[in-house]
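Below is a short briefing on charged side-chain pairs and one loop residue. Look at the structure first, then read the points beside it.

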Amino acid sequence: MYVLRVQHAVHDYAEWKAAFDSDPLGREKAGVRSYRVLRPVDDPSAVMIDLEFDTAAEAEALEAALRDLLTRVTVAVDPQTRVVEVVEAERY
């Protein structure tokens with residue numbers, strides 16, 4: 001499994017969430033299997049999103065599209081992205 005991790009600050013979480021929920025890049029069609037939205041407990045102006053994919057190519061393609069989108073929006077501040085491979089996972 002591959003994960004596209006996106007991290008950035010937001011000025012207004014509700015505004016950002018509405019933009020995220022509008023799904024402008026078509027997550028499912030792009031190969032996203034699942035996602036998680038995370039917020040640090042000590043910094044509500046920060047957001048992290050993990051988007052899970054079957055292939056690195058799918059993750060990299062959405063990363064490129066997302067980077068382009070993030071140059072045109074104001075809801076995300078200082079976005080950073082990275083594609084990572086899950087090499088081990090365990091649930092307890």
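Arg 72 and Asp 68 form a salt bridge, and their closest N and O atoms are 2.9 Å apart. The model in which this pair appears is predicted. In general, side chains of opposite charge can pair when their charged atoms come close. The structure holds 7 salt bridges, and some of them are described here.

**Arg 72 and Asp 68**

- Arg 72 has a relative accessible area of 57%, so it counts as exposed, the cut-off being over 50%.
- Asp 68 has a relative accessible area of 43% and is therefore partly exposed, between the limits of 20% and 50%.

**A network of salt bridges**

- Arg 5, Arg 36 and Asp 50 are joined into one network by salt bridges that share partners.
- Within this network, the side chains of Asp 50 and Arg 36 meet at 2.8 Å, N to O.
- Asp 50 belongs to strand E3 and Arg 36 to strand E2, so their salt bridge ties together parts that are 14 residues apart in sequence.
- Is Asp 50 buried or exposed? Asp 50 is buried, because its relative accessibility is 4% and the cut-off for buried is under 20%.
- Its partner Arg 36 is partly exposed, at 45% relative accessibility.

**Asp 54 and Arg 33**

- A salt bridge also forms between the side chains of Asp 54 and Arg 33, with a distance of 2.6 Å from N to O.
- This pair links distant parts of the chain, as the two residues are 21 residues apart.
- Asp 54 sits in the loop between strand E3 (46-53) and helix H2 (56-70), while Arg 33 sits in the loop between H1 and E2.
- Asp 54 is partly exposed, with 43% relative accessible area.
- Arg 33 is exposed, with 59% relative accessibility.

**Pro 24 in its loop**

- Where is Pro 24? Pro 24 lies in the loop that runs between helix H1 (13-21) and strand E2 (34-38).
- Pro 24 counts as exposed because its relative accessible area is 54% and the cut-off is over 50%.
- Which residues does Pro 24 contact, leaving aside its neighbours within four places in sequence? Pro 24 is in contact with Ala 19 and Leu 69.
- Pro 24 and Arg 39 are 15 residues apart along the chain, and their C-alpha atoms are separated by 21 Å.

How values were computed. Residues numbered from 1 in each chain as written. Predicted model: local features only at pLDDT ≥ 70, side-chain atom pairs only at ≥ 80, totals over all residues. Heavy atoms only, no water. Helix = DSSP H or I, 4+ residues; strand = E, 2+ residues; numbered from the N terminus. Buried < 20%, exposed > 50% of the residue type's maximum accessible area, 1.4 Å probe, protein only. Contact = heavy atoms within 4.5 Å. Salt bridge = Lys/Arg side-chain N within 4 Å of Asp/Glu carboxyl O.
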